[in-house]
Amino acid sequence: MYTTRIGTSTPDSINIYGYDLCSEVIGHAGLADIVFLGAQGRLPTGKESKMLNALMVGIAEHGFTPSSLAARLTWLGAPEATQAAVAAGLLGAGSVYLGAMELTARTLQEALEAAPGEQSTQQTAGEILDRFETSGEKVPGFGHPTHRPRDPRTARYFELAEEWGFLGPHSLLLQAVHSEMELRRSQLITLNGAGTFGAVMSDLGFHWRQVRTVVVAARAVGLVGHIAEEAARGTADSTAQALFRHVEHHTDYQPQR
């Protein structure tokens with residue numbers, strides 16, 4: 001016997017997570033709401049819906065990235081399989097690109113779970129930094145090659161989180177880590193949008209293991225635009241074709257025999 005809480009169908013109805021798809025979901029819920037429903041087993045409140053939608057919109061698109069270039073190059077080789085291009089763009093969702101959101105959420109959630117009840121947020125922030133300084137690992141959620149010293153997404157995410165009631169313990173802890181890090185290093189340090197995303201997602205009730213799945217869903221939406229742009233230009237005039245030719249014409253072949 002197989003069991004699932006997700007969905008089932010009859011000849012004249014479809015049910016997902018206990019909701020009738022046609023009468024209770026279609027026309028009532030947005031795509032981000034279905035992400036929330038899948039993760040938490042219920043449809044979000046109005047403010048939860050707006051917050052999650054804002055977070056996903058903020059990471060869906062970021063121009064030319066390794067992810068979008070992989071999608072474009074794959075489309076160049078297989079324009080008949082757009083799903084392959086989207087998949088290629090998502091395969092690099094690791095610790096460097098897109099993965100920092102999950103790592104930040106995990107760091108914050110585990111730190112709060114381990115902290116004694118009477119411990120202050122500042123103490124917990126200091127312990128996080130002590131641990132990363134001892135290990136020599138990079139603190140997730142900080143630094144950005146372009147957005148310096150401040151990431152515009154961070155301010156907007158926190159602004160909306162405060163307005164809609166989701167500036168919770170994880171976000172406050174991340175802010176404390178940021179302040180303590182700048183104090184210790186005596187310099188301005190970027191708290192990036194990825195880190196802020198992980199904190200607010202945690203305050204929305206998402207377990208850190210769910211965060212990357214939401215990230216992937218948002219980025220898949222963004223990749224649609226890149227593939228559509230390539231298709232509109234045609235293979236000969238596509239960015240992928242230009243990139244391929246550039247590499248081909250600027251490669252120094254040095255055989256070793």
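This text walks through two pockets and one helix pair in a predicted model.

The largest pocket holds about 850 Å³ of space. Its lining consists of 36 residues, and Ser-95, Val-96, Tyr-97, Ala-100 and Asn-192 are the ones nearest the centre. Several helices take part: H3 (46-60), H4 (66-77), H6 (100-114), H7 (121-135) and H10 each contribute at least two residues to this lining. The most comes from H6, which supplies six residues. By class, the lining of the largest pocket has 15 nonpolar, 13 polar and eight charged residues.

The second largest pocket encloses about 170 Å³ of space. Helices H2 (31-40), H3 and H11 (208-233) each give at least two residues to its lining. Among the lining residues are Leu-31, Ile-34 and Val-35, together with Asn-53, Met-56 and Val-57, and also Ala-217, Ala-218 and Val-221. The lining of the second largest pocket comprises 10 nonpolar residues and one polar residue, with no charged residues. H3 thus supplies residues to the lining of the largest pocket and to that of the second largest pocket.

H10, one of the helices at the largest pocket, also packs against H9. Helix H9 spans residues 169-185 and helix H10 residues 193-203; the angle between them is about 150 degrees and their axes lie 7 Å apart. Angles over 145 degrees count as roughly antiparallel, so H9 and H10 are roughly antiparallel to each other. On the H9 side the contact is made by Pro-169, His-170, Ser-171 and Leu-174, and on the H10 side by Gly-195, Thr-196, Ala-199, Val-200, Ser-202 and Asp-203. This contact has four nonpolar, five polar and one charged residues.

How values were computed: Residues numbered from 1 in each chain as written. Predicted model: local features only at pLDDT ≥ 70, side-chain atom pairs only at ≥ 80, totals over all residues. Heavy atoms only, no water. Axes fitted to C-alpha atoms, helices over the stretch in contact; angles between N-to-C directions. Helix = DSSP H or I, 4+ residues; strand = E, 2+ residues; numbered from the N terminus. Parallel < 35°, antiparallel > 145°, perpendicular 65-115°, else oblique. Contact = heavy atoms within 4.5 Å. Nonpolar A, V, L, I, M, F, W, Y, C, P; charged D, E, K, R; others polar. 1 Å grid on protein atoms, 1.4 Å probe; cavity = no way out; pocket = protein on both sides within 12 Å on 5 of 7 lines; lining within 4 Å. Points joined across faces, edges and corners; volume = space filled by probe spheres on them.
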